[in-house]
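Q: Please take a close look at the disulfides in this model. I would like the geometry, the location and the burial of the cysteines.

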Amino acid sequence: MVIPTTKEPNPQVHRFRKYVLLLECFVWIALCLALWRLNCFQMRRFHPPSPKPVLQNNNNNLSTISVYDMGISDKEWERLQKALNWPGPDQEITPLNLSTSPVHSTFSIVGLKKSYKVGENISVIITARDHNNNLKTYGGDFFKAKLFNSKLKASMYGEVVDHHNGTYSVTLLLPWRGQAQVFVRLEHSSEVVQILKKYRESSFPRSHYYGHFEGSGPNKTRIKEVVQCNLKWGAEGSWIKGACCCEYKDIKTGTKWQCETPKKLSCNNLVHHSSGVLENPLNAFEMQFFAKTLTNVPITGDKQIINVFPNTAGIGTTERCRSGLTTPVPAGFYLNNVWKSFVCNTQQFNSVQMGNCLKNKIVYMMGDSTTRQWFEYLERKVPGIKRMNLHTPHLGGPLMTVELKNNIIIHWRPHGVPLRFYKMLITDLHYIGNDIDNIAGGPHVVVVFTIFAHRVFHPLTFYVHEVAKIRQSVVALLRRAPKTTVVIKSGNTAGLKNIFQSDWYALQLNTVMREMFRDIDGVIYLDVWQMTSCHYLTEDIHPGPVIIANEVSMLLSYVCPA
């Protein structure tokens, strides 16, 4: 039997194959290392892609927005819609004479007694009538009510309950001894609210903005161009300019901003941002519902003096200010211009106490000019604190103030676009969620933000999207640094009561913010709506000094609870 044998390979060929295999291994290893280094480099220094010109259809209908676009679940959207539900006419806008009249609408105190004790309640009934003095048969009117005493500089907010049949009720607590009166006003008829709803989700751009482009020209000259800009929301966008635009997408939030394409410069040359004109969408028929004689007008009713005597039981709360507390109605009341909270044990801080409270603290304030008012108040009151010169606009920011002895640092900066502000560097306008992502947090850190005044011009669905992104960032912050103090400042009432800045818009945004953060542990929702709605000062988007002082006292009561 012959056993076959294999032929030995040529030694030279064998060595050559080994060299080829080794060379292939080295090439693969080098390629993997290069890809790994490139990926790490991109992670360390990520630059968003350059803006790209896009085409838009000339379509005035806002595209359908899904819960995916907003970044929330179907269940949460259903919950939000339920919280936001506002009754109104069952049909299209009625003739003006059938809308709610502030002249014919009235209020009355039910079972008014000669005297009461502190802590008792009174009930008020509001009856809405049209301009023909006929009873309204449906709800949806935007009434505001309060209890007040001008001499005592005392006031308290009352929540108006809609019974969907043209009648409304208010329960008012009697929190101070002395005298009191009831005041009710019609801010908007239900017909106006119907119009507000219509344009809130419309693609009609009520607010415009400008993009300022700059670049090099021939012979060392500078070229400057100013074009219109606006938010892009939805597949088609909520701002239609035909074949336009430079598109800027924020990588983290997904928010898209558009500017008309400059004639001479490229999309990469956007340098500054500023507010533009306001454009009224109302037709002649709709405008008559917003007449000054029909907007924010007191209605007639019981003007009797309510006599309130002391009660040994007393009212108030000794609850320590902390996260997780809900805001009752009423949330508190003013007496001698001092807000006495029913939420928690609010303290009054003098200048020295403010400095002690903020000792070794870094405070990050973000949002709009109402949080800047808090920044400016602390800047005036905290002893020894000085503003740093960051070479930024005095009002537009970003701003920073420090006190070296007690190691206090306070920052303020505006939120990202859309923003109706002065001409500012576009690079200084950051989205709140992105800034929170860059904060390490800790027991020495206080984060305060608000976002409402500049969002009333845009669809509520976009606001939901933005709050969802902020919520993600806040949850991540509290996960890595659970002892960080996070405070959300609610929106306040404003002076304007029109199609642009109605308080009804702000009230709805407050509802969204409160609902979306209600289950987030460690977050403080500081509701200032009642504080601005009931005060004797004329309502203003920028509340008066007395109100700001009380708001800051509330803030510090959470930072340094007693």
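A: What follows goes through the disulfides one pair at a time.

This is a predicted model, in which local features need pLDDT of at least 70 and side-chain atom pairs count only at pLDDT 80 or more, while totals for chains, interfaces and linings use all residues. Residues are numbered from 1 along each chain as its sequence is written, and side-chain values use heavy atoms, with hydrogens and water left out.

A disulfide is a covalent bond between the sulfur atoms of two cysteines. Here a disulfide is assigned when two cysteine sulfur atoms lie within 2.5 Å. By this rule the count comes to four disulfides; three of the pairs are described below.

One disulfide links cysteine 229 and cysteine 259, with an S to S distance of 2.0 Å. Its S-S torsion is about 105°, so the disulfide is right-handed. Cysteine 229 sits in strand β11 (residues 222-232) and cysteine 259 in strand β13 (residues 256-259), so the pair ties together parts that are 30 residues apart in sequence. Strands (E, at least two residues) and helices (H or I, at least four) are DSSP runs, numbered from the N terminus. Cysteine 229 and cysteine 259 are both buried. Buried means under 20% relative accessible area, exposed over 50%, and partly exposed in between, with a 1.4 Å probe and protein chains only.

Another disulfide joins cysteine 321 to cysteine 344, again described by its S to S distance, 2.0 Å. The torsion about this S-S bond is 85°, and the link of cysteine 321 and cysteine 344 is right-handed. Cysteine 321 lies in the loop between β17 (306-309) and β18 (332-335), and cysteine 344 in the loop between β19 (338-341) and α6 (351-357), so the pair ties together parts that are 23 residues apart in sequence. Cysteine 321 and cysteine 344 are buried.

A further disulfide connects cysteine 357 with cysteine 560, at S to S 2.1 Å. About its S-S bond the torsion is about 100°, so this disulfide is right-handed. Cysteine 357 belongs to helix α6 and cysteine 560 to the segment after α12 (545-559), so the pair ties together parts that are 203 residues apart in sequence. The burial of the two ends can be given separately. Cysteine 357 is buried, with a relative accessible area of 6%, whereas cysteine 560 is partly exposed, at 21%.

One other cysteine can be placed by burial: cysteine 534 is buried, with a relative accessible area of 0%.
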